[in-house]
Amino acid sequence: MPAPSSASAPARSPVGSFASDLFTSHLASLAAAPAWWLDRKRAAYEQFAGLPLPRRTDESWRFSNILGLSLDGYGLPAPATTRLAPFPISSAASLTFVNNTLIRGAAAESKLPAGVIVTTLAEAAVRHADLLQEHFMAQPQKLGSAKFAALHTAFVGDGAFIHVPRGVELAEPILIQHIASGAGAAVFPHTLVIAEENSRVCVVDTFVSDDAGAHFACGANDLYAGHGANLTYVGAQAWSRDTLSFQFNSTVVRRDARVQSLNLNVGGRQARHESLSQLQAPGGFSEMLALTVADRTQEFDQRTLQIHQAPNTKSDLLYKNALRDKARTIFSGLIVVDPDAQKTDAYQSNRNLMLSEEAEANSLPGLEIQANDVRCTHGATSSRIDPEQEFYLQSRGITKAMADELLTFGFFEEVLNRLENEELHAALRALIQTQFKKK
Amino acid sequence: MNPLTDTETLPSPDVDETAANPVAGIDQTRGDFKYDVAYEFDAGTGLNEKTIDYISDVKKEAAWIREFRHAALKTFRAKPMPTHWATRDLENIDFDKIRYYLAQGQKPKRTWDEVPDDIKKTFERLGIPEQERKYLAGVEAQFDSEAAYSNIKEIVSRQGVIFVNSTEGLREHPELFRKWFGKVIPTGDNKFSALNSAVFSGGSFIYVPKGVKVAQPLQAYFRINAENFGQFERTLIIADEGSEVTYMEGCTAPKFSTSTLHSAVVELVALKGAKIQYITVQNWANNVFNLVTKRGLAHEEAEIKWIDCNIGSRLTMKYPGVVLKGRKARGEVISIALANDGQHQDTGAKMIHAADETTSNVISKSISVGQGRATYRGQIHIPKHLKGCKNNTECDALLINTNSRTDTYPAITVRGDDNYVQHEASVSKVNEEMIFYMQQRGLTEGQAMSLAVNGFINDLARQFPMEYSVELKRLIDLEMEGSVG
C-alpha cells in the first residue's frame, strides 16, 4: 500500500547499522559457539531484517516518539575495561560485562551454595544447552517489539546465566553489571535466571555507561520461577543521556511461586521497557514494580502485560514516574485474564508526579477479562505534589524546595519499601537522589 | 418509548412462579415485526456518486451540500477500516448490500391525524400510546429516513426554539446551522463520520435562542424498518448563550435476518454558559452495526452532558466526547452498556481539554451476560500550558457468566503540573452472598440476579428521566432472563 506520508519524511533503513555484513562479522567472532546457537541467531537475524520499524499507527507504539527510533550510527564495540565503581551492595557472586564481554567474574565461592550456577551465556551454550534452549528468549513477544527482540537474539554476545537448584536459598543477591563504553557502542545485555522448585534468589542487574557517548542498548532478561520458588529481580538502568535503550523483561511464574521485580529507570535519551508476566499455574504471584525519574527531554516508554493463565493467581503492579522539565513518559499496561482463570486477583496502578509545566505523562491502563469470578482493578493518576502536604511541611519551618524534595522522595519510598534487602533499598534510593542533586 | 413503561413492584413470594417473575409475561418477540411499505424513493443498494446525486435531487438540496456530500464520499473511500484497534467484526459489513436512502416522500407531519395508518399501526405494536405522546414536548418519530411525524409543542416554538429535521434545517435556516454543521465533527474524523456526511438524511436540527430554558425534554424516536437498510441521521443542536435544553433519543428496531448498519453523527454546540443534556437509550436488534460519532463543543462556562445507554445491536462503537473549548467548561459522560450473547458494546468517552479550569467526569458501567463482550475505550487529553484542569474517570464492569468478557482501554495524556487526573476501573461479579440472601428470602435466582444488576447501575439509572429509567429497568430484566440457572 503506498504511504503518501513517507515521501516527506526521510526513508529510514529497517536495519540501520545492523546490516548483514555486521552480523556476519559478529558470527565470525563466535567461533567456539555450538551450531544450534548460531542457527538460532541466524533465524533471529532474518526475522529482524524482515520486520518493519514501528509505525505511528501501531497501537503498541501509541504515543512513542517513532522518529527517535533510528538504528543508524551504531557499531559493535571493541572490548574495553572500566573504572566505574561497582554497585554498592554485597553480593554472593557478581559478573561484570563491558561491551558484551565478561571482564570480571567474581563468584565468591564460599558464599555460593553447592549446585548454584552463575556463569556466562557462552559457557552455558556449551555446558547447559538444554536449559538454555528451554528458557532463552522462549516466551512470546506480545508487546510490540518482536523486531528488536530478534535483534537482541541475533547480536547477543554474552550475558549472565544463573541456575539455582531445587530447595537452595541464597541469602545475598547475585549482581550482574552491564556496561557500555565508547561512542556508538551497541550492547546487548542478557540475564537469564532459572529458580527451580522452592529455591530462593535475588538477582540485581545494573545498566550503566562508562562515558556520556551515544550508546545503543538492546537487552533482555528471562526469569523463570519454578514451583514454590521465590525470585526477586532488580534492574537499575542508568545509561548515558544519549542512549537509545530497549529492555525486554519476561517472567514465568509456576505453581505457588512468587516473583518480585523492580525496575528503576533514570538513564537514556529514549528508553523503552517491556515487561511480560505469565502466571501459568495456581498460587503464582507476580509483583511488578517500577520507578522512573524523567527529566530534561528524556522519554520513558513502559509497556506491561500481566497474563493470568491459570486459576487462583495474583499479580500486583505499581509503576511510579516523576516527571521534570520537558520529559515524557508513557505507561501502557494490560491485564489479561484468560477464560477459566477464575479467582484471579490482579491490580495495576500508574502514578505520575508532575513536577514541571512542560512534562507530559501518558497512561494507557488496560484490562481484558474473560472470566467472571475475578477481582481486577486498575488506577492511573497524574497530578502535582499535594499542596496541603507541602503547606504542612512549610508550616513546620521547612523551605518549599526542601519540602518538595522530601515529598518527591516519599513518593518513591512506597515502592522501595517493598524490597526486603535494606542495602539494595539504600543503593537504589541513592541512585534516585543523585538525579535530583545533579542540578 | 418501550412497550412497558408502567412502574411495578416486586411480587410477594407466595404467588406462583409465572406471576412472581416480573418478566415472564412479556412476549420477547414483540419487537419483531415488519410492514410492507411502498417506498416512493429508493436509491437502490450500494454507494457511488449517483446515489449521492440522487439523495441530493430528492431533497432539493443547495449546491454546497451536494459538494459536501461528494467530498465526504471521497474521504470515506480513502479511509481504511480502523481494524488496527477495533474489532475485526467490522469487516463483515458489506457496503454494497446496504440501501443508503429511502423515504416515502412525505413532508413532516404536524398533527397525529395526518400520520398514515400503517405507520400508526407500527407505533401501536411498539406500545406507544397516542395519548402519552401528546404530552411530550415534541416528538420527531423517524420512520426510516424521514420524519413521519413531527409535533413541536406550541410553547417550545413560542420560545423561539427551532426543532426541525436535518433537511428542513439546512434548507430553511442555513444562516443558523451552516456555521456549525460539520464543524464539531469534521467529515474526515473517522471512516463512519465520512460515510454519514456523504449520505445523511433525517435527524434533528435544534436551535435554542439566548437565555431560553426549555422546560420539557425534546424527543426524537428512531427506528429502522427496511431490511439491509442503513440509517444515517445527522443531528445538530445549538444552545445559544445561557440557554438550556435536554434532548432524548431512543431506538428500537425490528429484527431482520441480515445485518443492518446505523451510522449517525451528532454534533452539539453549547455557547457561553449554555447547558445541553443528550440522553440516548439504544436498543437496536442484534444484527445492527451501530457506529455512531457524537461530540459536543462547550464554550466558556458551558456544560455538556451525555447520558448514554446501550443495550441492543450486534456491535456498537460509540465514544461520546466533549471538546472543552472555553474557560470553566464542563463535560460529562454517563454510560451504561449491557452486552448479551452475540453482542459487543464498544463504548466510552473522549474529553479534550482545551482551556484553563475545565473539568470533566466520566462514569461508565458495563454488564456482560453470557458470551457478551463489553469494552470501555476512553481518551483524556490535557495539552500544554493549561491550568487547573480536572478529570475523573470511573469504569466498573460486572461479569455475569463464566465466559463473559470485558475490556478496558483508556488513554490519558496530561501535560504540566497544575492539572489533576484520576482514572479507576474495576471488574467484578455479582456478590454470591447477596444472591444467597435474596434467594433465602424467596426470590428466584433470576430475580435476585436481576435485582443485583439493577442495583449495580441504580445510581446512574436515576440520572435518566423517569420514563427512561423505568424502561431501562424493564430492558435489563428482559436481558437478564435466562442468564442464570
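**Figure 1. Strand β1 and strand β5 of chain A lie side by side in this predicted model.** Here β1(A), residues 93–98, pairs with β5(A) in the parallel sense, and the pairing runs over 6 bridges. To find your way along this pair, look for A:Thr96, whose bridge partner in β5(A) is A:Gln177. On to the next neighbour: β5(A) also pairs with strand β8 of chain A, residues 200–209, in the parallel sense over 7 bridges. A handy landmark for that pairing is A:Ile176, which stands opposite A:Asp205 in β8(A).

**Figure 2. Strand β5 of chain A is covered on both faces.** The strand takes in residues 174–180, and 7 of its 7 residues are buried. On one side you will find A:Ile174, A:Ile176, A:His178 and A:Ala180, and on the other A:Leu175, A:Gln177 and A:Ile179, all of them buried. Two of these residues have already appeared as pairing landmarks: A:Gln177 is the partner of A:Thr96, and A:Ile176 faces A:Asp205.

**Figure 3. Strand β20 of chain A has side chains that alternate between two faces.** A:Cys376, A:His378, A:Ala380 and A:Ser382 point to one face and are buried. A:Arg375, A:Thr377, A:Gly379, A:Thr381 and A:Ser383 point to the other face and are not buried. Within chain A, strand β18 (residues 345–354) is joined to β20(A) by 9 bridges, and the two strands run parallel. If you would like a place to start, pick A:Gln348, whose bridge partner in β20(A) is A:His378.

**Figure 4. Strand β20 of chain A also pairs with a strand of chain B.** The partner is β23(B), residues 420–429, which is joined to β20(A) by 7 bridges and runs antiparallel to it. A:His378 stands opposite B:Ala425 in β23(B), and A:His378 is also the bridge partner of A:Gln348. Next along β20(A), A:Gly379 has B:Glu424 as its bridge partner in β23(B).

**Figure 5. Chain A and chain B meet through 34 residues of chain A and 34 residues of chain B.** On the chain A side, β19 (360–369) and β20 (375–383) each supply at least two of the residues that touch chain B. The largest share of this side, 10 residues, comes from β19(A). As for chemistry, the residues on the chain A side divide into 13 nonpolar, 13 polar and 8 charged.

**Figure 6. Helix α6 and helix α7 of chain A cross at roughly 125 degrees.** Helix α6(A) covers residues 387–395, and its axis comes within 9 Å of that of α7(A). The two helices are therefore oblique to each other, and their crossing is right-handed. In this contact A:Gln389, A:Glu390, A:Leu393 and A:Gln394 of α6(A) meet A:Lys400, A:Ala403, A:Asp404, A:Leu406 and A:Leu407 of α7(A). Sorted by type, these residues give 4 nonpolar, 2 polar and 3 charged.

**Figure 7. Helix α7 of chain A also packs with helix α8 of chain A.** Helix α7(A) spans residues 400–416 and α8(A) spans residues 422–437; they pack at an angle of about 145 degrees, with their axes 11 Å apart. Here too the crossing is right-handed, as α7(A) passes α8(A). From α7(A), A:Glu405, A:Phe412 and A:Leu416 take part, and they meet A:His425, A:Leu428, A:Arg429, A:Ile432 and A:Phe436 of α8(A). This contact is made up of 5 nonpolar residues, 1 polar and 2 charged.

**Figure 8. B:Arg77 sits in helix α3 of chain B.** This helix runs over residues 63–78. B:Arg77 is partly exposed, because 14 other C-beta atoms lie within 10 Å. Look also for B:Ala194, which is 117 residues away along the chain, although the C-alpha atoms of B:Arg77 and B:Ala194 are separated by 8.8 Å. As a backdrop, chain B has 12 helices and 23 strands, and 53% of its 485 residues count as buried. Among the contacts in chain B with a separation of 6 or more, 83% are between residues 24 or more positions apart.

Note on methods:
Residues numbered from 1 in each chain as written. Chains lettered and ligands numbered in written order. Predicted model: local features only at pLDDT ≥ 70, side-chain atom pairs only at ≥ 80, totals over all residues. Contact = placed C-beta atoms within 7 Å. Helix = DSSP H or I, 4+ residues; strand = E, 2+ residues; numbered from the N terminus. Nonpolar A, V, L, I, M, F, W, Y, C, P; charged D, E, K, R; others polar. Pairing = 2+ DSSP bridges. Buried ≥ 20, exposed ≤ 12 C-beta atoms within 10 Å, placed from the backbone. Axes fitted to C-alpha atoms, helices over the stretch in contact; angles between N-to-C directions. Left-handed = near helix turned anticlockwise from the far one by under 90°. Parallel < 35°, antiparallel > 145°, perpendicular 65-115°, else oblique.
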